[in-house]
Amino acid sequence: MPDTKYFDREITLSSQSEPPSTQFPARLAYWAIGIPSNNPAVLLPTCYGGTLKTTLGFLFNEQDGVEPVIPTSKYFVIVTGLLGGSESSSPSNAPEPWNGPNFPKTTYEDNIRLQYALCQSLGVKKLYAYIGFSMGGQQAYHMAALYPDFVERMSCIAGSAKTSWHNWCFLEGPKAALVNSVDFNDGHYMEPAKKGTRAFSRVYSTWALSPGWFRQKCWEQLGFKSLEEYLEAWWSGAGDANDLLCLLWTWQQGDITIYYPEDEGDLAKTLGRIKAKCLIMPSRTDQYFPPEDNEEEVKHLRDAELAVIETVWGHIAGGGNGAKEDTKFMIERVGKLIGEKASILV
């Protein structure tokens, strides 16, 4: 496993952040794998609840002796952690006066500007590709919109250019379960708010999968004898409560039109500004980033392919946690995007 490095930078929070336009001592956790001077750079950001270790490893890690579609011998791979995601600056690790519930509400813009500064510090003048899943996919749209001349290719996997109202409202459910738990204490808990994070996870779990997944009892494919056994193993409340809420707020504010006030909120106009070659990969059964939203986005992108992952594994398929066929499909499509032929074990 690569060593985790940290990029420290005093940043001015965006005007949409809370508090807005405030100086903040940010720390960005990242992996840098390969040689930047010789190889094309590919950036992979974390997703909601994701870590550097769990981020799209099937794209750049060798598996059973098979070379990955993005080999680090040929590409300079950068993996970055979201603000609020527990590895970069977050409520759970920030020093006073920024710790706990005092941590600022950060935006995708804050994250993208910090990632761009990291790339500049590493000598990366242009990204060959930016590939992300879920909140990572939203970051792919934000990087391509905010820095259109910096990104040559991007792939949004199970994400969107703008968080829909349906998506926003879904997030209010697990949020309510957490903030109203007896141990949350308005974010000023002294011990982990385990009852709150457990309630959060259980509310979230149904949305992350699909009705077909439950009908087919797919937990049995993972070796679990019952649904409850699966939920206990996978959805029992991992993560810090304030970190979860910080990321959730970032997710809810997702909207690339903010970078171009002259577009007056017209998503089609802002999508048309993106110069990167785009691969948009929704999951057919994603309950909060449905393919219908991406179908509309692709109509307005200059150079884009829509490739729907046909799966019952819902949203989580996009992170490599679905069926083997789902992951194989994503690897092949990413290979096509970057000009690599994928070698795949199925």
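1. Is S86 buried, exposed or partly exposed? The model under discussion is a predicted one, and in this model S86 has a relative accessible area of 38%, so S86 counts as partly exposed. A residue is called buried under 20% and exposed over 50%, and the value for S86 falls in between. S86 lies in the loop between β4 and α2. The phi angle of S86 is near 95°, which is a positive value in a residue other than glycine.

2. A second residue with such a backbone angle is L56. Its phi is near 50°, again positive in a residue that is not glycine. L56 sits in the loop between β3 and α1, the latter formed by residues 57-60. The relative accessible area of L56 is 3%, and L56 is therefore buried.

3. The overall architecture should be stated before further details. The chain contains eleven helices and eight strands. For 346 residues, a compact globule would be expected to have a radius of gyration near 20 Å; the chain has 19 Å, so the value agrees with that expectation. The C-alpha trace spans about 50 × 50 × 40 Å along its principal axes.

4. The contacts and the surface may be described next. Among the contacts in the chain with a separation of 6 or more, 73% are made by residues 24 or more positions apart. Of the 346 residues, 54% count as buried. The chain exposes about 14,900 Å², and carbon and sulfur atoms supply 50% of this area.

5. The charges deserve a brief remark. The chain has 31 positive and 41 negative charges, and the mean positions of these two groups are 4 Å apart.

6. Two cis peptide bonds can be pointed out to the reader. One joins E18 and P19, with omega about 0°; P19 lies in the loop between β1 (5-12) and β2. Another runs from E96 to P97, with omega near 5°. P97 is found in the loop between β4 (76-80) and α2 (108-121).

7. How many aromatic pairs does the structure hold? There are 27 aromatic pairs. One of them is formed by Y147 and F150, whose arrangement is edge-to-face, with 6.5 Å from centre to centre and 70° between the planes. Both Y147 and F150 are buried. Another pair, W251 with Y288, is tilted: the centres are 5.6 Å apart and the planes stand at 55°. This pair links distant parts of the chain, since W251 belongs to helix α8 (residues 241-252) and Y288 to the loop between β7 (277-281) and α10 (291-298), 37 residues apart. W251 and Y288 are both buried.

8. W251 and Y288 also belong to an aromatic cluster. The other members of this cluster are Y48, F170, F200, Y204, W207, W235 and F289.

9. Which residues does I274 touch, leaving out those up to four places away in sequence? I274 touches Y141, A144, A145, I256, L301 and R302. I274 is located in the loop between α9 (267-271) and β7. Its relative accessibility is 0%, and I274 therefore counts as buried. A144 is 130 residues from I274 along the chain, yet the C-alpha atoms of the two are separated by 5.9 Å.

10. N39 offers a further example of a buried loop residue. N39 lies in the loop between β2 (23-33) and β3 (41-45). At 16% relative accessibility, N39 counts as buried, because the cut-off for this class is under 20%. Apart from neighbours within four places in sequence, N39 is in contact with T72, S73, K74, Y75 and F76.

11. Is E62 buried or exposed? E62 has a relative accessible area of 58%, so E62 is exposed. E62 is placed in the loop between α1 and β4. E62 and T72 are ten residues apart in sequence, and their C-alpha atoms are 9.4 Å apart in space. T72 is also one of the residues in contact with N39.

How values were computed: Residues are numbered from 1 along each chain as its sequence is written. This is a predicted model: local features need pLDDT of at least 70, side-chain atom pairs count only at pLDDT 80 or more; totals for chains, interfaces and linings use all residues. Side-chain values use heavy atoms; hydrogens and water are left out. Helices (H or I, at least four residues) and strands (E, at least two) are DSSP runs, numbered from the N terminus. The radius of gyration is taken over C-alpha atoms; the globule rule is 2.2 Å times the number of residues to the power 0.38. Buried means under 20% relative accessible area, exposed over 50%, partly exposed in between (1.4 Å probe, protein chains only). Contact means heavy atoms within 4.5 Å. Accessible areas come from the Shrake-Rupley method with a 1.4 Å probe; for residues, only the protein chains shown count as cover. Lys and Arg count as positive and Asp and Glu as negative; His and the chain ends are not counted. The place of a charge is taken as NZ of Lys, CZ of Arg, CG of Asp or CD of Glu. Rings of Phe, Tyr and Trp (its six-membered ring) pair if their centres lie within 6.5 Å; planes under 30 degrees apart count as stacked, over 60 as edge-to-face and the rest as tilted.
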